[in-house]
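Biologist: I would like to learn how to read individual features of a structural model. Could we work through some of them in turn?

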Amino acid sequence: MKKVKKPEFYFETGVAECILYNEDGHIFKGMAKCHPEDEDMMSEKVGCEIAQSRATIKALKYQKNCVIKPSIKALKQLYYSMRQSKKFNPKSYENIMLKRQIENWEWDLNLIEDMIDAEKTYLQNYIKDKEQMYQFIRKQRKGQN
């Protein structure tokens, strides 16, 4: 995954955006908008981090749904077709390699699902932690006044 450009933050609107693209040129855009209650804590770094995480999730989902799953489906269809043949040999090199490829793609599917879950968890925790920090800082500010 490559970045098209540096994540951008627009202070006027409180919007951050990050654009990523893959080797095939598909574009994945992640955005984050500062919540009105958090305008006193508006941060370019936080907004860009959230936007980048969202773009990454979109890119991973694309890889899962448009590359890995169709590949598994095609290989399984080929395996099913081969198995129906009267000349099918389960010990043949072709069958062994086909089964190995199916296993590799299924391993990739499990890995990318874990990566998506990890990125979602990271994003949720990041937002939750920032909110807790903001609440703490606001509480401190009130105590000083």
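Modeller: Let us start with M115, which lies in helix 2. Please keep in mind that this is a predicted model.

Biologist: Is M115 buried, partly exposed or exposed?

Modeller: The general idea is that a residue between 20% and 50% relative accessible area is classed as partly exposed. M115 has a relative accessibility of 39%, so it counts as partly exposed.

Biologist: Which residues make the nonpolar surface patch?

Modeller: M115 contributes to it together with W107 and L111, and the patch covers about 320 Å².

Biologist: How should I read a pair of aromatic rings?

Modeller: Such a pair is described by the distance of the centres and the angle of the planes. The structure holds 4 aromatic pairs. One of them is formed by F28 and Y62, with 5.4 Å centre to centre and 55 degrees between the planes, and this pair is tilted. It links distant parts of the chain, since F28 belongs to strand 4 (residues 27–33) and Y62 to helix 1 (residues 44–83), 34 residues apart.

Biologist: Why do F28 and Y62 count as buried?

Modeller: Buried means under 20% relative accessible area. F28 has 6% and Y62 has 18%, so both meet that cut-off.

Biologist: Which residues does R138 touch, leaving aside those up to four places away in sequence?

Modeller: R138 is found in helix 2 (residues 93–144). With that exclusion, R138 touches E37, D38, D40, M41 and E131. R138 is also buried, because its relative accessible area is 16%.

Notes:
Residues are numbered from 1 along each chain as its sequence is written. This is a predicted model: local features need pLDDT of at least 70, side-chain atom pairs count only at pLDDT 80 or more; totals for chains, interfaces and linings use all residues. Side-chain values use heavy atoms; hydrogens and water are left out. Rings of Phe, Tyr and Trp (its six-membered ring) pair if their centres lie within 6.5 Å; planes under 30 degrees apart count as stacked, over 60 as edge-to-face and the rest as tilted. Helices (H or I, at least four residues) and strands (E, at least two) are DSSP runs, numbered from the N terminus. Buried means under 20% relative accessible area, exposed over 50%, partly exposed in between (1.4 Å probe, protein chains only). Contact means heavy atoms within 4.5 Å. Patches are made of residues with over 30% relative accessible area and no salt bridge: like charges are joined within 9 Å, nonpolar side chains (Val, Leu, Ile, Met, Phe, Trp, Tyr) within 5 Å. Accessible areas come from the Shrake-Rupley method with a 1.4 Å probe; for residues, only the protein chains shown count as cover. A salt bridge is a side-chain nitrogen of Lys or Arg within 4 Å of a carboxyl oxygen of Asp or Glu.
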